[in-house]
Amino acid sequence: MEVSLEKVSKSFGSLEAVKDIDLSIREREFVTLLGPSGCGKTTLLRMIAGLEKVTSGSIYFGDKLVNNLRPGDRDVAMVFQNYALYPHFNVARNIGYGLKVRGAPKSEIERRVREVARILEIEGLLERKPRQLSGGQRQRVALGRAIVRDPFLFLMDEPLSNLDAKLRVSMRAELKRFHMRLNTTTIYVTHDQLEAMTMSDKIAVINDGVLQQFSTPQEVYNRPTNVFVAGFIGNPPMNLLNGTLTHENGPALKFGPARQTLPPATHPIVSKCPEGKRLILGIRPQDISLSEAAASANLVGKVWLVELVGSEKLVDLACGEDIQLMAEVKAEQNFSVDQTVGVQFNPSRIHLFDPESGIAMRD
Amino acid sequence: MSNILQSDLFGKVRATVLYATLLLVTFLICFPLLWSLSTSLKPTTEIFATPPTLVPEEYSLEQYKSLIQGKDMYFVPGTKYRPKTSPPQHFLAWFANSTIVTFGSTVISVVISTLAAYSLTRFRYWGRRFIPYFSLLGYMLPSIIFVFPLFLVMVELGLTNNLWSLVLGYVSITLPFCMWLMWAFFRGIPVELEEAALIDGASRLRVFIEIVLPMAMPGIIAAAIFSMIVSWNDYLFARIFINSIQQLPLTVGVMHFFEGVHVNWGLMMASAVMMTLPLAALFMVIQRHLVAGFGAGAVKG
C-alpha cells in the first residue's frame with residue numbers, strides 16, 4: 001500500500017511547522033525524513049501516525065483518506081525516541097499489549113510474542129521490567145512492540161539517538177537487515193545524515209517545514225536541488241562560494257582576483273545568464289585538490305588549519321580576503337599552516353546555484 | 001596511638017550524645033501518645049492517682065467499654081434508677097460519621113482532582129497553564145475564611161446538619177491541593193507512553209486506566225492520604241455545619257466528654273486512641289508510597 005501526502009500543512013497557533021508537503025512513498029520503501037532539529041520532520045511523522053491533526057491537506061494510505069482516522073485504526077506502528085515502554089508491564093506484556101487491545105486470544109499473543117522475541121534475540125528478557133534493561137535491549141523491545149502487530153507501515157522517530165555511538169552503528173545495520181527481511185514500508189525520522197544515507201531507499205530533506213528534495217541518497221548527495229540540501233548533506237559540508245559570472249575567454253566565475261573556469265556541462269545554462277550575474281559555486285571538500293605549486297594554479301589559498309581525521313586530512317584555506325574553503329586530502333599529503341598552495345576544483349563536480357532562489361542551476 | 005584512642009573515644013562520646021538526644025526527642029514526641037494510651041487502659045479510679053502512673057498498675061478496658069456501650073455517670077449500685085443527667089454515648093455513631101465523611105470526601109476529591117489534572121496536562125485549552133497555580137493559591141487561604149460563606153451556601157442547599165455538608169466542605173479545601181499534586185505528577189509521566197498505547201489501538205479511556213493510572217498511583221495515594229488527614233482531623237467545619245449530636249464526627253463529638261466543669265479523661269483518652277489508630281494503621285501500610293508520592297510531587301512540581 002502506498003502512502004501519499006498531498007499539500008499537508010500543520011500550524012501550531014501562528015507557527016507553521018509543516019508547509020504544503022507532497023510526498024509519495026511506495027510500498028516496501030525505506031524513506032527517511034531528514035532535517036535539522038525543529039524542521040517539522042517529527043510533526044510530519046506524528047501526522048502520519050495520527051497523533052497530530054492535519055491543519056490542511058490530505059494523507060492517503062492506498063486510496064483511503066486517513067486524515068480523521070484514530071492512530072489505533074491506521075494499522076501503523078511507531079518506535080519512539082525514548083522507546084516509550086510501559087514501565088509497569090514486563091517485556092512480554094509490553095510487546096503483546098497491541099495484540100491484547102485488539103482482542104487476540106491469549107495463546108496467539110504468547111506465540112507471536114515468543115516469535116518476535118526470538119527474532120530480536122530477547123527471549124531471555126521476557127519477564128523483566130523495562131527499567132531492568134539496557135538501552136540497546138529497550139530499543140529491541142520497542143522494535144518488538146512494533147513488529148509483533150505486523151502493521152503495514154513502520155514509523156520511527158529518531159530511534160537510535162539515545163544509544164551510544166558504537167551501539168548506534170550496530171543497531172543501524174540491524175534495522176536495515178530487519179527492513180530487508182520484513183519488507184514493511186518504513187518512514188524514519190532522523191537528523192543524522194549518516195543514518196539517512198546508509199539506510200534509506202529515499203531521503204526527504206526538510207527545512208523550515210518545507211520539503212527541499214525527495215530522492216535517492218546518491219541523487220541527494222550528487223545533485224542537491226538547492227543550497228540548503230547542498231550545505232546540509234555531506235560531511236564536512238560543501239563549500240559555497242559567491243562569485244560573479246564572466247563570459248570573457250569562455251564562461252568562468254570570478255572571486256575577486258581569482259577565476260574558475262566553468263565545465264562544459266554548465267555552458268548551456270550559464271550562456272543564458274548576463275555578464276556580471278552573481279552565482280553561488282558549490283564544491284565538496286573531497287572534490288578539491290591541493291598542490292604545492294601555487295604559481296601555476298588559478299586559485300591560490302593560504303593554509304590556516306590542518307586537522308587529521310584518520311585516513312584524511314581536513315585543510316582550512318583562506319583564498320584572498322573573504323573566501324574560506326575546506327578541502328579534504330589524503331593523510332599522507334603534508335601541508336603546514338601559513339603555506340601557500342594551489343587550489344584545484346574537480347570541474348565535473350562543480351554545482352551552481354542561483355543566489356536569490358538558492359535553487360540549483362541545471363538544464 | 002593515643003591519637004587513635006582519642007578519636008575512638010571522641011566517636012563513642014559523640015554517638016552516645018547523639019543517641020541520647022534522639023531518644024529524648026522521640027520520648028518527648030511520643031509522650032502524649034503514650035500517656036493517652038496509658039490513661040485509656042486504666043480503671044477510672046487509677047486515672048487521678050497520686051503519684052500518677054505511666055504504666056497502669058491495673059489494666060482495664062472499662063473506658064473502651066463505656067465508650068461503646070454508654071456509661072451511667074451517676075449509677076447508684078442496687079437501684080435501677082439511671083438519671084438522664086449523663087449524655088448517652090454516641091461514640092460509634094461519631095466514628096461512623098467520621099469514616100463516612102472522610103471516605104466520601106477523599107473519593108470525590110481524588111477522582112475529580114485526578115481527572116482535572118490529567119486534562120490540564122494533556123489537553124490544550126485556555127487557562128490550563130495558570131489554573132494549577134491559581135488553585136494552590138486557594139488552598140493557602142485559611143479555611144476560617146471559607147467556613148461562613150460555605151455555611152450560607154449549605155443553608156441554601158438545605159444541607160446543614162447533614163453529613164453531605166461536611167463531605168462537600170472538605171472537598172472544597174482538599175481538592176485544590178490534590179489537583180496541584182496530581183498535576184505535578186502527571187507532568188512527570190511521558191506523554192509518549194500514552195501515544196504508544198493509542199497507536200497500539202487502545203481507546204483514550206483504556207489508556208488512562210491501564211497505562212496512566214498505574215503510573216500515577218503514588219501520586220493518587222499521596223493525594224488520598226492528604227485528603228484523609230484533613231477530613232478526619234477537621235474540627236471547624238463540623239463545629240459550624242452540624243448541630244445534632246448524632247450527626248457529629250469524632251473531633252467535635254469527643255468534646256462532649258467535657259461535661260461542664262468535669263472532664264471525663266478516661267473516655268477522652270480512649271477516644272483519642274481510637275481516633276489515632278485508623279490513620280496510624282493506614283500510614284504504616286502505605287508510608288512507602290506516601291514518601292514516593294510527595295517526593296515526586298516536590299521534585300517535578
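The following exchange examines how several descriptions of this predicted model are reached.

Me: What makes this a model to be read with care, and how are its parts labelled?
Reply: This is a predicted model, in which local features need pLDDT of at least 70, side-chain atom pairs count only at pLDDT 80 or more, and totals for chains, interfaces and linings use all residues. Residues are numbered from 1 along each chain as its sequence is written, while chains are lettered from A and ligands numbered from 1 in the order in which they are written. The model scores ipTM 0.82 and pTM 0.78.

Me: How do you know what confidence the predictor has in chain B?
Reply: The term to use is pLDDT, the predictor's confidence in each residue, from 0 to 100. Chain B averages 83 on this scale, and 86% of its residues score at least 70. Over residues 294-301 of chain B, however, the pLDDT is below 50, although this stretch has 14 contacts in the model beyond near neighbours in sequence. Two residues are in contact if their C-beta atoms, placed from the backbone, lie within 7 Å. Where pLDDT is low, the predicted coordinates should not be read in detail.

Me: Why is M326(A) called partly exposed?
Reply: A residue is buried if 20 or more other C-beta atoms lie within 10 Å of its own, exposed if 12 or fewer, and partly exposed in between, with C-beta atoms placed from the backbone. M326(A) has 18 other C-beta atoms within 10 Å, and is therefore partly exposed.

Me: Which residues does M326(A) touch, not counting residues up to four places away in sequence?
Reply: Under the contact rule, M326(A) touches P236(A), N239(A), P285(A), L314(A) and D316(A). M326(A) and L305(A) are 21 residues apart in sequence, and their C-alpha atoms are 9.5 Å apart in space.

Me: What makes β18 of chain A an edge strand?
Reply: Strand β18 of chain A covers residues 323-330 and contains M326(A). Strands are DSSP runs of E, at least two residues long, and helices are runs of H or I, at least four residues long, both numbered from the N terminus. Two strands pair if DSSP finds at least two bridges between them. The open sheet of five strands in chain A has the order β15-β19-β16-β17-β18, with antiparallel pairing. Its edge strands are β15 (288-291) and β18, each of which pairs on one side only.

Me: How do you know that β16 and β19 of chain A pair?
Reply: Strand β16 (residues 299-309) and strand β19 (residues 340-345) of chain A are joined in the antiparallel sense over four bridges, against a requirement of at least two. In β19(A), T340(A) is the residue opposite K302(A).

Me: Why is β14 of chain A described as mostly covered, and which strands pair with β14(A)?
Reply: Five of the six residues of β14(A), which spans 278-283, are buried. β14(A) pairs with β11 (residues 239-246) of chain A in the antiparallel sense over six bridges, where N239(A) has I283(A) as its bridge partner. β14(A) also pairs with β20 (residues 351-353) of chain A in the antiparallel sense over three bridges, where L281(A) and L352(A) are bridge partners.

Me: What makes helix α8 of chain B mostly covered?
Reply: In α8(B), residues 191-199, seven of the nine residues are buried. Among them are L193(B), A196(B) and I199(B). The buried residues of α8(B) pack against α1 (41-49) and β6 (76-79) of chain A, together with α9 (204-233) of chain B. Just after α8(B), G201(B) takes a positive phi of about 110°.

Me: How do you know which element of chain B gives the most to the side that touches chain A?
Reply: In this interface, 14 residues of chain B are in contact with 17 residues of chain A. On the chain B side, α8(B) gives the most, with six residues. By class, this side has nine nonpolar, one polar and four charged residues. Here Ala, Val, Leu, Ile, Met, Phe, Trp, Tyr, Cys and Pro count as nonpolar, Asp, Glu, Lys and Arg as charged, and the others, Gly among them, as polar.
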